[in-house]
Amino acid sequence: MNNYNSIRLNGVKYSGKDLFMVSTETIHNDNAPEWLKDIHSFILEWINDSDEIKAQTSGSTGKPKSICLKKSHMIASAMKTIEFFNLKEHHSALLCLSANYIAGKMMVVRAFVGGFNLLLQEPVGNPLAYIDKKVDFAALVPLQVSNSIDDINSGLKIGNIIIGGGAVSVELSERIKNAKSICYETYGMTETVSHVAIRRLGEDCFSAMPNVSFTQDERNCLLIDANDVADFKFITNDIVELISNKVFKWLGRYDNIINTGGIKVVPEEIEKKLSSEIKHDFFISSIPDEKLGEKMVLVISSQVKYNVNLILSAFSVLNKYERPRKICLINNFPYSDNNKIQRTVLRKYLQSSHIIYDVDK
């Protein structure tokens with residue numbers, strides 16, 4: 001397959017038969033936690049003779065599906081990240097994401113390719129609480145970042161952080177804008193073998209990783225040309241403002257567009273505007289309407305404390321076409337296994353939601 005069959009885990013280097021044995025023993029150990037078994041199952045898949053890896057898409061925009069990725073593409077992707085962050089063998093990195101998904105898998109691949117020390121940590125909400133020494137590099141999801149604000153702002157535990165698995169909200173960006181740890185938001189997906197673009201928090205635009213370029217289709221959706229990590233030009237449903245063939249500003253998802261009275265609205269743009277005004281989790285969605293086709297609603301969880309008047313005052317930052325017409329409560333937001341909001345499911349939930357305020361009445 002390749003020459004990358006040695007890895008350092010928690011300070012111990014494994015290769016060849018030793019690596020095969022320790023991974024096999026771990027996955028058959030009844031006392032080993034499932035998250036650790038998942039890591040070693042992937043390691044066994046990585047060092048086998050196949051040229052491909054099976055991976056699971058997140059299911060954030062549709063039904064999760066199994067796909068095959070070439071190991072050569074995963075190596076090329078790993079090299080991009082290693083080059084960007086100048087990772088060397090004396091460095092250390094933290095794996096605190098599930099190895100069942102591409103972000104966790106790629107942390108393992110980077111350790112194989114880069115030779116640095118990979119620290120294994122259960123993928124919990126606040127993984128930095130269990131770290132007693134500084135590491136150079138880590139990948140986190142927004143929820144983990146939110147739960148680790150003090151450690152990230154101090155910079156005492158993490159040097160560089162890449163954040164993926166969901167958009168970084170304006171509120172979260174504000175909370176870590178002066179962090180001593182250097183934070184980047186990534187853009188990518190399972191099919192592109194992790195991220196193909198990156199932006200440092202505080203900047204508006206994503207920049208291409210090496211050997212990646214961008215164009216747009218007639219929908220203003222991003223097209224990705226990255227022939228070292230994919231065998232074809234990748235068509236996305238991400239609406240972007242294309243600055244150049246190497247730089248873009250992400251606006252939202254084409255499949256999330258709400259058509260209300262003939263006006264097409266991108267819910268992610270509205271959420272971004274409101275996130276500096278509304279300090280608890282919320283989403284913009286829609287319900288069917290006889291006259292408008294779709295009527296926009298702001299959805300909040302019944303588990304949070306809310307003030308309707310404060311929410312309504314926040315609408316002042318929106319133009320008349322962007323303002324939700326109803327405020328709805330649901331019990332829980334539907335998230336995928338890797339913590340992405342499932343907007344199609346959310347719209348179904350709204351059919352039985354409780355409307356707490358109707359702007360039109």
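Where is the place of Val 168? In this predicted model, Val 168 sits in the loop between strand 8 (158–163) and helix 7 (170–175). Val 168 counts as buried because its relative accessibility is 9%, and buried means under 20%. Leaving aside neighbours within four places in sequence, Val 168 is in contact with Ile 163, Ser 173, Glu 185, Arg 199 and Leu 201. Ser 23 lies 145 residues from Val 168 along the chain. The C-alpha atoms of these two residues are separated by 35 Å.

A second buried residue is found in a helix. Lys 105 belongs to helix 4 (residues 102–114). Lys 105 counts as buried because its relative accessibility is 6%, against a cut-off of under 20%. Residues up to four places away in sequence are again not counted in its contacts. On that basis, Lys 105 touches Phe 42, Ile 53, Lys 54, Ala 55, Met 74, Ser 98, Ala 99 and Asn 100. Arg 8 is 97 residues from Lys 105 in sequence. In space, the C-alpha to C-alpha distance between Lys 105 and Arg 8 is 15 Å.

The largest nonpolar core holds 57 residues. Met 74, Val 108, Leu 118, Tyr 187 and Ile 224 touch the most other members. Helix 4 gives the most to this core, with eight residues. Val 108 touches Ile 7, Ile 39, Phe 42, Ile 43, Leu 95 and Leu 118, with residues up to four places away in sequence not counted. Another core, of 20 residues, lies apart from the largest one. Its members include Ile 149, Ile 152, Ile 163 and Ala 179.

Strand 4 (residues 66–70) has two faces. Ile 67 and Leu 69 form the covered face. Ser 66, Cys 68 and Lys 70 form the uncovered one. Strand 3 (residues 52–56) runs antiparallel to strand 4, and five bridges join the two. In one pairing, Glu 52 has Lys 70 of strand 4 as its bridge partner.

Strand 4 also contributes to a pocket. The second largest pocket contains about 160 Å³ of space. Strand 4 gives the most to its lining, with four residues. The lining consists of Ile 67, Cys 68, Leu 69, Lys 70, His 73, Glu 191, Val 193, Val 229, Ala 230, Asp 231 and Phe 232. By class, seven of these lining residues are nonpolar, one is polar and three are charged.

Definitions and conventions: Residues numbered from 1 in each chain as written. Predicted model: local features only at pLDDT ≥ 70, side-chain atom pairs only at ≥ 80, totals over all residues. Heavy atoms only, no water. 1 Å grid on protein atoms, 1.4 Å probe; cavity = no way out; pocket = protein on both sides within 12 Å on 5 of 7 lines; lining within 4 Å. Points joined across faces, edges and corners; volume = space filled by probe spheres on them. Nonpolar A, V, L, I, M, F, W, Y, C, P; charged D, E, K, R; others polar. Buried < 20%, exposed > 50% of the residue type's maximum accessible area, 1.4 Å probe, protein only. Pairing = 2+ DSSP bridges. Contact = heavy atoms within 4.5 Å. Core = buried A, V, L, I, M, F, W, Y, C linked by side-chain atoms within 4.5 Å.
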